[in-house]
Amino acid sequence: MYLKSIELSGFKSFAKKSTFDFNSPIAGVVGPNGSGKSNAAEAFRFVLGEQSMKAMRTKRGADLIWVGNEHYPKANRARVAVVFDNKDKFLNIDFDEVHIERIAHRDGAHEYFINGSKVRLKDVTELLSKANIGASGHHIISQGEADRILNATPMERRAMIEEALGLKTFHFKKIESEKKLDTVLENIREAKMVRRELAPRLEVLKQKMVQLERRRTLKKKLHDLFVFYITSQSKQIADKKENTLLRKRQLQAELEQYRNAQVESKSGVDNQSKLDDARNRIVEIDIQEKELAKEKSTLEHKKGILMGRRDALSDVEIQKKDTTAVDATVVKEVLAYIKDSIRSASEKKDFSLLSGVIAHIDTFQQKYLSAKGSESDEQTKRTDSDSASIDSDIAKLENEIAIIETQEEALRAARSNAIADLQKSHEYEREKERKQNEESTHITKIQDELQSLSTKEQKIQRDIEKLTTMKHRAEDLGVDYSHGVVAMDNDYGDGEDVVIEIEKTQALLNESEGVDESIVSEYKDIEARYNIINNEVGDLEHSRKTILNILADIDTEIATRFNEGMEKINTEFHSFFTMLFSGGHSKLVVEKQNGEEDEHIKEGIQVEVQLPRKKATSLEVLSGGERALTSIALIFAMSQVNPPPFIILDETDAALDEANSRRYAQMVQALSDKSQLILITHNRRTMEAAGELYGVTMGSDGISKLLSVKFEEALSVAK
Ligand code: ATP
Ligand code: MG
């Protein structure tokens, strides 16, 4: 028993506060026509959130409020509150007792409360639909509407059955998911549109970024090249400059030395005088030698004459002893002497010697070929004295000659000295010349090198100028080269190669003009936006899939529950039907319905019945009572499959005869095992089945009054 009580005040004919407390699984509500029983049933619909005014037999909300009369003034609001026992949490809310309250105001406003807290209608609907007690639910069968389910179209019937099966929750979920899906699809469409707009711009910017990156690389390279060039070149130039200067100084010092040496060697005047002196001496010696030779020759001549004379004297002597002995031997000796003397004279080139030979020949002639005899003695006498004086003369001459020879010897010695001096001077002269040659070669070499050094200096000067130009260019580009060396990937060799590379790089950089750093922020911005939107599309696609999965799951769940539910309902339907009609057949059949053109083909539910001993299966041919019984069988069957906590039946039993009233009472009894029953009735059998009875009366004041009654009272009240 979930339904504990319901309290009405200002609702329709219940002008004053009236409360039903339910203590029995079957409560009967009895009372005369027009006393307000149906109003009470509608109070249930009202408080459970019914939105259809028609279902509450009014046109506007204000009609639900006590209208007022001369006995009792109109109410400002209609209020209904229902109390559920929720100890076993059949309502998904963490309270043991749940109060649901609805207030209708005259201005058409409605307020809802759950346990005193103001809530939205939706909160009430959701809470109740999960407990299988929706407002327009199958569990409240209004008066005269028992066969509503039979009158309904197949699609309406399906809706009613689905609600009875508790599928409404799933439909709510489905509708919500579909709404979400619509939103997601719309968002996807919008996001994709934005993405499409961004994509080409991003593509362009990407390309520009590639260009920019290239520019950056080129700039960096140019920077490095400049730094490399300037630093390496500065060092090289400084080194070259220093080396050149050093070398120049060295060479100049050497040159100075050579020049000094030359000046010194000019002072070789000394040697020339020595040379002249030697030459003069030789000339002098020549003169002296000639004089001496002449003197000596004279002396030799004299001596030769004297010797010839002496020889002649000695021959006379010999003749004295052996005059006749002149023979071939003597002639041979004389001839040998002549020959030797001539040879000696010719060798010595001293022809004075020859005069001795002539004297010798004269002597020989006198002795052997002319006068003989007489004069021999006289001659002999004279010969002795002459011979002595000749010898002494010869000795004198020889002495003089010896002196001359000594002098000659001295002259020879002097000559050879002079010649030696001369040679020495010549040698010195030659050596000097050689040295001078050597020096001038050196000087020429030094001068040549100095010349080439000055060429080098000019080159260095040009290098410096070039370096200055490059420095200006570097400064113009904002290159800071003051921090020294940069590591280069390539070896660019000497300065020229670097300059070529700089020009190349500069040219490439100039070519790639038109892209600058300003695009970076735009690129980043667009890229970020693109990424965001792209992620959003991704997220949305993910959501879409998730929702589609949920929808598919819901569909599966609905289908499964529906099919299972249909089977159970059919079983129960058939069972109640055969009970009420003592046989026959009844069945709910799912049939395809043609919906709107492009809508899915929907499946409605048709009712097939076959009464015992009758052929017709159409609902239209049933009698009023048969129709009532069939609908009761179906309603009961539906409630059995998914029993609601309570069921309200407003005079469902009105059309039944006595026999069927008994069967109805039995079925009600069976039904009360699973659902609490509130039965509005005039039927005695039904009243008998109820565990407690409420009487509803209305006096002359037009106000419905509520009282708990005993069965006997009920019988009289009901009339
Ligand atoms: P029956 O047995 O014939 O079905 P009943 O007990 O079900 O009768 P109701 O239909 O519940 O009777 O009550 C109808 C009465 O309620 C009418 O007399 C009607 O005037 C009265 N009524 C309906 N709405 C209001 C209202 N807003 N203010 C006052 N009275 C109202
Ligand atoms: Mg009624």
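Biologist: Which strands does helix H1 lie across?
Modeller: This is a predicted model, and in it H1 (residues 37-47) lies across S3, S8, S11, S12 and S13. Its direction is at about 145° to S11.

Biologist: What about helix H13, what does that touch?
Modeller: H13 (residues 658-671) packs on the sheet and touches S3, S11 and S12. The angle between the directions of H13 and S12 is about 150°.

Biologist: OK, and in what order do the strands of that sheet come?
Modeller: The sheet is open, with six strands in the order S8-S11-S12-S3-S13-S14 and mixed pairing. S8 (140-141) and S14 (704-709) are the edge strands, so to speak: each pairs on one side only.

Biologist: How do S13 and S14 pair?
Modeller: They pair in the antiparallel sense, over six bridges. In one of these strands, S14, Val709 is the bridge partner of Leu693.

Biologist: Switching to the metal. Which residues are the protein donors of the magnesium ion?
Modeller: Ser38, through OG, and Gln143, through OE1, at 2.0 to 2.1 Å from the ion (ligand 2). Ser38 sits in helix H1, while Gln143 is in the loop between S8 and helix H3, and the two are 105 residues apart in the chain.

Biologist: Is Ser38 buried or exposed?
Modeller: Ser38 is buried, because its relative accessibility is 10% and the cut-off for buried is under 20%. Gln143 is partly exposed, at 41%.

Biologist: Last one: why call helix H12 largely enclosed?
Modeller: Because 16 of its 18 residues are buried. The length of H12 (residues 624-641) agrees too: the expected span is 26 Å, and its end C-alpha atoms are 26 Å apart.

Notes. Residues are numbered from 1 along each chain as its sequence is written. Chains are lettered from A and ligands numbered from 1 in the order in which they are written. This is a predicted model: local features need pLDDT of at least 70, side-chain atom pairs count only at pLDDT 80 or more; totals for chains, interfaces and linings use all residues. Side-chain values use heavy atoms; hydrogens and water are left out. Two strands pair if DSSP finds at least two bridges between them. Helices (H or I, at least four residues) and strands (E, at least two) are DSSP runs, numbered from the N terminus. Contact means heavy atoms within 4.5 Å. Axes are lines fitted to C-alpha atoms, for helices over the stretch in contact, and angles run from 0 to 180 degrees between N-to-C directions. The expected span of a helix is 1.5 Å times one less than its number of residues. Buried means under 20% relative accessible area, exposed over 50%, partly exposed in between (1.4 Å probe, protein chains only). Donors are N, O and S atoms within 2.8 Å of the metal (3.2 Å for Na, K and Ca); water is not among the atoms, so sites may look incomplete.
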